[in-house]
Amino acid sequence: MANLKVKSHFSATFLPILLTVSALLLLSAKRGTISTNVELGHEQQQKLIRSDSCDFSSGKWVLDQDSESSPVYREFECSFMIDDYACERYGRRDFKYRKWKWQPNGCNLPRINATAFMEKLRGKTLIFVGDSLNKNQWISLLCLIQSSVSTKSVTRKDNLYTLYATEFDATIGFYWSPLLVESNCDNPETHRIKDRVIRISSIEKHARYWSDADILVFDSFTWWLEPTMTVMWGSFDSPYSIKRRVQMPHRRYEMVLETWSQWLEININRTKTRLFFRSLSPLHLFGESWEEPMNCYNVTEPIRKSDYWGIMTDVEMMRASKLAVDKLAARGLRIEYMNITHLSDLRRDAHPSIYRKFHQPPPKEQMADPTSYADCAHWCLPGVPDVWNQILYSYIVN
């Protein structure tokens with residue numbers, strides 16, 4: 001495997017699809033054909049984020065008064081930074097978004113000690129498995145621990161990107177698998193597919209790359225928002241495969257979580273491997289209602305409403321993933337549901353918006369309206385994913 005910089009392909013692939021999905025969601029919402037978090041009520045939503053110990057998911061954003069330690073790293077100093085998250089490099093000049101820290105209610109979130117974290121990983125492998133938002137968190141973690149490792153580049157084998165820290169005999173990797181199971185979107189660089197096809201019961205092709213890891217962090221949400229997908233039973237090469245067009249995103253999601261859960265229950269070493277499933281990273285494609293056109297463009301402050309839940313924050317999908325995690329825990333697997341949704345939902349100001357590299361420049365008609373091509377899905381770095389990693393750090397180190 002050769003050393004390489006991690007390539008950025010978001011703008012050429014994911015954004016056009018996401019904009020199409022947002023338009024379809026808006027149409028569905030106006031017709032009353034989809035349910036949203038608003039219908040569930042705040043009390044029901046809170047049930048998804050409570051835990052018996054300190055609840056890191058409940059709190060508020062406060063300005064960090066420690067100017068020496070905020071942010072923990074500088075964008076231009078991180079050797080692992082990629083164009084998708086390098087907002088300063090592409091023109092963002094309001095840096096207040098870097099100065100907020102998450103303050104949980106009733107407890108403190110520990111700052112990351114890079115050396116302590118790497119010592120905990122000594123001789124181990126940690127892999128993030130999922131889509132570009134898990135990649136967002138992976139890049140954040142590499143920037144956070146960079147000061148304690150000498151290696152400044154990653155290697156790639158198929159869908160697996162890894163940093164090997166020789167001083168600690170530790171590996172921190174990211175595996176591209178946006179739908180968890182096998183699909184026609186599995187190429188990390190070219191996955192702009194109009195008709196997504198998923199092999200609903202096939203995960204082994206991916207799992208063999210991370211089955212022996214000591215720590216696994218999964219995510220899968222945004223790609224499931226596509227209104228219709230083709231579900232396949234059988235192989236891509238077989239003329240006897242069965243294909244069905246399925247319009248029910250929640251049902252598709254539940255089916256894949258069942259495949260994922262069954263594989264983990266049968267194949268994971270329960271005494272060795274710790275598992276995490278990160279809850280959905282919220283999108284800010286709309287304002288506080290379907291009719292409000294304001295997305296993340298030109299937003300410079302967090303949302304201050306403590307009970308705010310974004311209009312696109314799909315609590316039904318959160319409930320499905322939380323239920324899958326709870327079932328695995330009840331069967332003896334060491335697994336945690338790492339809830340970052342509410343705290344991230346408050347940070348409409350922290351997305352790249354228009355401050356990123358455009359691999360394909362927007363058409364002239366879009367250039368006149370920055371809201372039409374703003375990236376309101378991913379996160380600037382330094383930024384919100386650093387807090388996700390603080391939560392992960394607290395689980396692993398403390």
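Across the whole structure, a search finds 21 salt bridges. The model is a predicted one. The stops below cover some of these pairs.

**Stop 1: R98 and E75.** Select R98 and E75 and show their side chains. The two form a salt bridge, with 3.8 Å between the closest N and O atoms. Both residues sit in the loop between β2 (59–63) and β3 (100–104), so the pair ties together parts that are 23 residues apart in sequence. Colour by accessibility next: R98 is buried, and E75 is buried as well.

**Stop 2: add E88.** Keep the selection and add E88. A network of salt bridges links E75, E88 and R98.

**Stop 3: R89 and D83.** Clear the view and select R89 with D83. Their side chains meet in a salt bridge at 2.7 Å, N to O. The accessibility of the partners can be read one by one: R89 is partly exposed, because its relative accessibility is 43%, a value between the 20% and 50% cut-offs. D83 has a relative accessible area of 14% and is therefore buried, the limit being under 20%.

**Stop 4: D83 and K357.** Hold D83 and add K357. D83 forms a salt bridge with K357 too, the closest N and O atoms lying 3.8 Å apart. This pair links distant parts of the chain: D83 is in the loop between β2 and β3, K357 is in the loop between α9 (341–345) and α10 (364–367), and 274 residues separate them. K357 has a relative accessible area of 33%, so K357 counts as partly exposed.

Note on methods
Residues numbered from 1 in each chain as written. Predicted model: local features only at pLDDT ≥ 70, side-chain atom pairs only at ≥ 80, totals over all residues. Heavy atoms only, no water. Salt bridge = Lys/Arg side-chain N within 4 Å of Asp/Glu carboxyl O. Helix = DSSP H or I, 4+ residues; strand = E, 2+ residues; numbered from the N terminus. Buried < 20%, exposed > 50% of the residue type's maximum accessible area, 1.4 Å probe, protein only.
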